[in-house]
Amino acid sequence: MKLVTIIGARPQIIKAAALSRAIRNHYSDKIQEIIVHTGQHYDDNMSQVFFDELQIPRPDYNLHVGSASHGVQTARMTEGIEALLIKEQPDFIVLYGDTNSTLAGAVAAAKIHVPIVHIEAGLRSFNKAMPEEINRIVCDHCSTLLFSPTKAGFENLKREGFPIDNEPPYTIDNPKVFHCGDIMYDNSLYFANIAEEKTDIIQRLELADKPFILATIHRDSNTDHPERLCAIFKAFIRLSKDCHVVLPLHPRTSKLLKVNLNEELQKQIFNNPGISLIPPVSFLEMIALERHAQLVMTDSGGVQKEAYFFQKPCIILRPETEWVEIVQTGNAILADADENHIMEAWQHFKDNPPTAFPEIFGDGHAAEFMLERMLEIFSRKTL
Ligand code: UD1
Ligand code: UDP
């Protein structure tokens, strides 16, 4: 069986590590994986570092599309992916999440009748102003196999009319939905101890005896709107008087801080001994930071879940989340880009640190579950 995996953005490269590892460990005689990197992310610390660190095979192809507007970037990727699918003739294509690389893969494959497997299906913010919401809806509705990491995702698909007890053959018109657990949970479990052994970021940043908040920001809804970005950074300045803040900056955010924050605010951030602004870190470093942090603040989908995996409270810098369960269990608070809400949420978690983190994201073997289903459903060829 031959599959083509499309990756492009940082979280997809990390997710691909789990599936590639499971193929290498259990299915190397049955599955051939061709990896296509669209080039959506290209800085070493947004791409190469993960291949080096997480034992992901080198991509067979890199389309080098780079950064551009949504239309241009998606069009370049679609063109490149279509050509590769025609050349490689895979049994199906694997798409992760909700980025422009996902959308391009979905459009390219569906139009030339290559079946799509969507990993992280069914998630919804119910906010179509988010580019990711458009991408995930299109991808889900072009897919043949949909793997939802959570019960809420599974229920969303049911509500959108996806059949649940349907029989094979599965096709784009008779898709099959599975609730299977989260592939990122597989990774966090697998790499947690390796991260402790192989990284020294806690020592390097002198955090061993210092309580700290780990924060990330990269959503365009925060970075591209000066008033929202200012509100978040004003909260960081206030927080830094109470607890050290460690902020690995996405390149989008680094660029826009200098454009969208006034000079006075920039001074208070860049010259603040209570805030460590650092370049993007590797995944193992990120896991080490998450494990040692007192609390996580983020607008990232992946980072809010990882806070939960490592049993840390999380303040979500968005008005809504696709990972509703972590809010429902009281372990995360939606504070949006609102300075006062952020401070209230911080005080709430200081007074009431969460203690119960029920199992929401599966058992750490989502990759094996998915590969078994792919083999059952698509295995018509041997290598
Ligand atoms: C993308 C995804 C988002 C995901 C995020 C993960 C879409 C629409 N968005 O957002 O869902 O959460 O990746 O990190 O697909 N840049 C660099 N170097 C890089 C990559 C980007 O400098 O290696 C800068 C460029 O200025 C670029 C900007 O970051 O214009 C945004 O990059 P882009 O890939 O368009 O979107 P992300 O914000 O990274
Ligand atoms: N991450 C990382 N280094 C960083 C920031 C994030 O390795 O400096 C990892 C993080 O641990 C998670 C993933 O990147 O696994 C999340 O990606 P991101 O926040 O870019 O995107 P999202 O999950 O919101 O799509």
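Reader: Which helices each supply at least two residues of the shell around ligand 2?

Author: Before the answer, please keep in mind that this is a predicted model. To read a shell, one asks which elements its residues belong to, and here α1 (10-26), α13 (283-292) and α14 (301-309) each supply at least two of them around ligand 2. The largest share, four residues, comes from α14.

Reader: Which residues come nearest to ligand 2, and how do the residues of its shell divide by character?

Author: There are 19 residues around ligand 2, and the ones that come nearest are Arg219, Val281, Ser300, Gly302 and Glu306. Sorted by character, the shell around ligand 2 holds 10 nonpolar, five polar and four charged residues.

Reader: Which side chains have a polar atom at 2.7 Å from an oxygen atom of ligand 2?

Author: For a polar contact one looks for a pair of N or O atoms within 3.5 Å. Arg219 places a polar side-chain atom 2.7 Å from an oxygen atom of ligand 2, and Ser300 also has a polar side-chain atom 2.7 Å from an oxygen atom of this ligand. In the side chain of Arg10, an N or O atom is 2.9 Å from an oxygen atom of ligand 2. Taken alone, ligand 2 exposes 530 Å², of which the protein buries 94%.

Reader: How many residues surround ligand 1, and which are the closest?

Author: The approach is the one we used for ligand 2, starting with the shell and then turning to the contacts. Ligand 1 is surrounded by 19 residues, and the closest are His41, Asn100, Glu132, Arg252 and Lys255. Helix α11 (residues 251-260) gives the largest share of this shell, three residues, and the shell as a whole divides into five nonpolar, eight polar and six charged residues.

Reader: Where does the side chain of Lys255 stand with respect to an oxygen atom of ligand 1?

Author: An N or O atom in the side chain of Lys255 is 2.7 Å from an oxygen atom of ligand 1. His41 has a polar side-chain atom 2.7 Å from an oxygen atom of ligand 1, while for His250 the distance from a polar side-chain atom to an oxygen atom of the ligand is 2.9 Å. On its own, ligand 1 exposes 740 Å², and the protein buries 89% of that.

Reader: How much space lies in the second largest pocket, and which residues are closest to its centre?

Author: A pocket can be read by its space and by its lining. The second largest pocket holds about 200 Å³ of space, and among its 13 lining residues the closest to the centre are His37, Ser47, Gln48, Phe51 and Asn62. Its lining divides into three nonpolar, seven polar and three charged residues.

Reader: How many helices and strands does the protein chain have, and why is the chain said to be as compact as a globular protein of its length?

Author: The chain has 17 helices and 13 strands. Its radius of gyration is 21 Å, close to the 21 Å that the globule rule gives for 383 residues, and therefore the chain is as compact as a globular protein of that length. Along the principal axes, its C-alpha atoms fill a box of roughly 60 × 40 × 40 Å.

Reader: Where is the peptide bond that is cis, and what is the phi of Gln55?

Author: As a general guide, most residues other than glycine have a negative phi, and most peptide bonds are trans. In this model the bond from Pro168 to Pro169 is cis, with omega near 5°, and Pro169 lies in the loop between α6 (151-159) and β7 (176-179). Gln55, a residue other than glycine, has a positive phi near 55°, and its place is in the loop between α2 (48-54) and β3 (61-62).

How values were computed:
Residues numbered from 1 in each chain as written. Chains lettered and ligands numbered in written order. Predicted model: local features only at pLDDT ≥ 70, side-chain atom pairs only at ≥ 80, totals over all residues. Heavy atoms only, no water. Near = heavy atom within 4 Å. Polar contact = N/O pair within 3.5 Å; in protein donor to acceptor, adjacent residues only side chain to side chain. Areas by Shrake-Rupley, 256 points an atom, 1.4 Å probe, with all protein chains shown as cover. Nonpolar A, V, L, I, M, F, W, Y, C, P; charged D, E, K, R; others polar. 1 Å grid on protein atoms, 1.4 Å probe; cavity = no way out; pocket = protein on both sides within 12 Å on 5 of 7 lines; lining within 4 Å. Points joined across faces, edges and corners; volume = space filled by probe spheres on them. Rg over C-alpha atoms; globule rule 2.2 N^0.38 Å.
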